[in-house]
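Grab a pencil and get the viewer ready. Try each task yourself before you read its solution.

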Amino acid sequence: MAETSIYVVKTTANQERSVANLIAQLARKEKYDITALLVPDVLKGYVLLEAKAPEIVEEAIQGVPHARSVIKGASSFGEVEHFLTPKPAVVGINEGAIVELISGPFKGEMARVKRVDVAKEEITVELFEAMVPIPITVRGDHVRVLSKDEIQR
């Protein structure tokens, strides 16, 4: 069994997902030996394909709108592995930071971060406008950091 490699297809910006969907449909229909497709958000204008040979990828993108070319050479799995592990939502949020709640019942409220739980991806905040400081626990992706400064309490 031949070893697969990762090949990079250059696409039109903001068309990565549509190119990947079309390649996936073609691969199923024409029985191309493409093992995986990856469209990382941080890699604009590129789609990663796992296949046994670059000829398979060249043939698969033939006639696909917005698929420009296959970049010469192959990448190893180790080079793209960091795209496969999601970043925790609470990265970059520190205790004492000022945040704005962007969803939920307190949407639009400003708050100060009191505790960060990386394992659960939650943060505990205290609202500025509250009469009594009550700690509220929210998911890390439900806040937007306004000030990363750790202000003296």
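Below are four short exercises on this predicted model, each with a worked solution.

Residues are numbered from 1 along each chain as its sequence is written. In this predicted model, local features need pLDDT of at least 70, side-chain atom pairs count only at pLDDT 80 or more, totals for chains, interfaces and linings use all residues, and side-chain values use heavy atoms, with hydrogens and water left out.

**Exercise 1. Work out the strand order of the open sheet of four strands, and find its edge strands.**

Step 1: Get the vocabulary straight. Helices (H or I, at least four residues) and strands (E, at least two) are DSSP runs, numbered from the N terminus. Two strands pair if DSSP finds at least two bridges between them.

Step 2: Read across the sheet. The order is β2-β3-β1-β4, and the pairing is antiparallel.

Step 3: Look for strands that pair on one side only: these edge strands are β2 and β4. From one strand to the next, the twist averages 30°; axes here are lines fitted to C-alpha atoms, for helices over the stretch in contact, and angles run from 0 to 180 degrees between N-to-C directions.

Step 4: Check one pair. β1 and β4 run antiparallel and are joined by three bridges, and Thr11 sits opposite Ala67 in β4.

Step 5: Add the helix. α2 lies across β1, β2, β3 and β4, and runs at about 165° to β4. Contact means heavy atoms within 4.5 Å.

**Exercise 2. Find the largest nonpolar core and say which elements give two or more residues to it.**

Step 1: Know what you're hunting for. A nonpolar core is a set of buried Ala, Val, Leu, Ile, Met, Phe, Trp, Tyr and Cys residues joined through side-chain atoms within 4.5 Å. Buried means under 20% relative accessible area, exposed over 50%, partly exposed in between (1.4 Å probe, protein chains only).

Step 2: The largest core has 20 residues, and Val9, Ile23, Ile34, Leu49, Val57 and Ile61 have the most contacts inside it.

Step 3: The elements giving two or more residues are β1 (5-11), α1 (16-30), β3 (46-51), α2 (54-61) and β4 (67-70).

Step 4: Zoom in on Val57. Leaving out residues up to four places away in sequence, Val57 touches Tyr7, Val9, Leu49, Ala51 and Val70.

Step 5: Don't stop there! A second, separate core has 13 residues, including Val90, Val113, Ile123 and Ile136.

**Exercise 3. Place Thr124 in its strand and decide: buried or exposed?**

Step 1: Thr124 belongs to strand β7. The open sheet of five strands has the order β8-β7-β6-β5-β9, again with antiparallel pairing.

Step 2: The edges of this sheet are β8 (135-139) and β9 (143-147), and its twist averages 45° from one strand to the next.

Step 3: Five bridges join β7 (residues 122-127) to β8, with Glu122 opposite Arg139 in β8.

Step 4: Thr124 counts as buried because its relative accessible area is 6%. Among the residues it touches, not counting those up to four places away in sequence, are Val113, Lys114, Ile136 and Thr137.

**Exercise 4. What is the sign of phi in Asn14 and in Lys31?**

Step 1: Start from the general rule. Most residues other than glycine have a negative phi.

Step 2: Asn14 has a positive phi, near 65°. Asn14 is in the loop between β1 and α1, and is exposed at 61% relative accessible area.

Step 3: Lys31 has a positive phi too, of about 60°. Its loop lies between α1 and β2 (34-38), and Lys31 counts as exposed at 71% relative accessibility.
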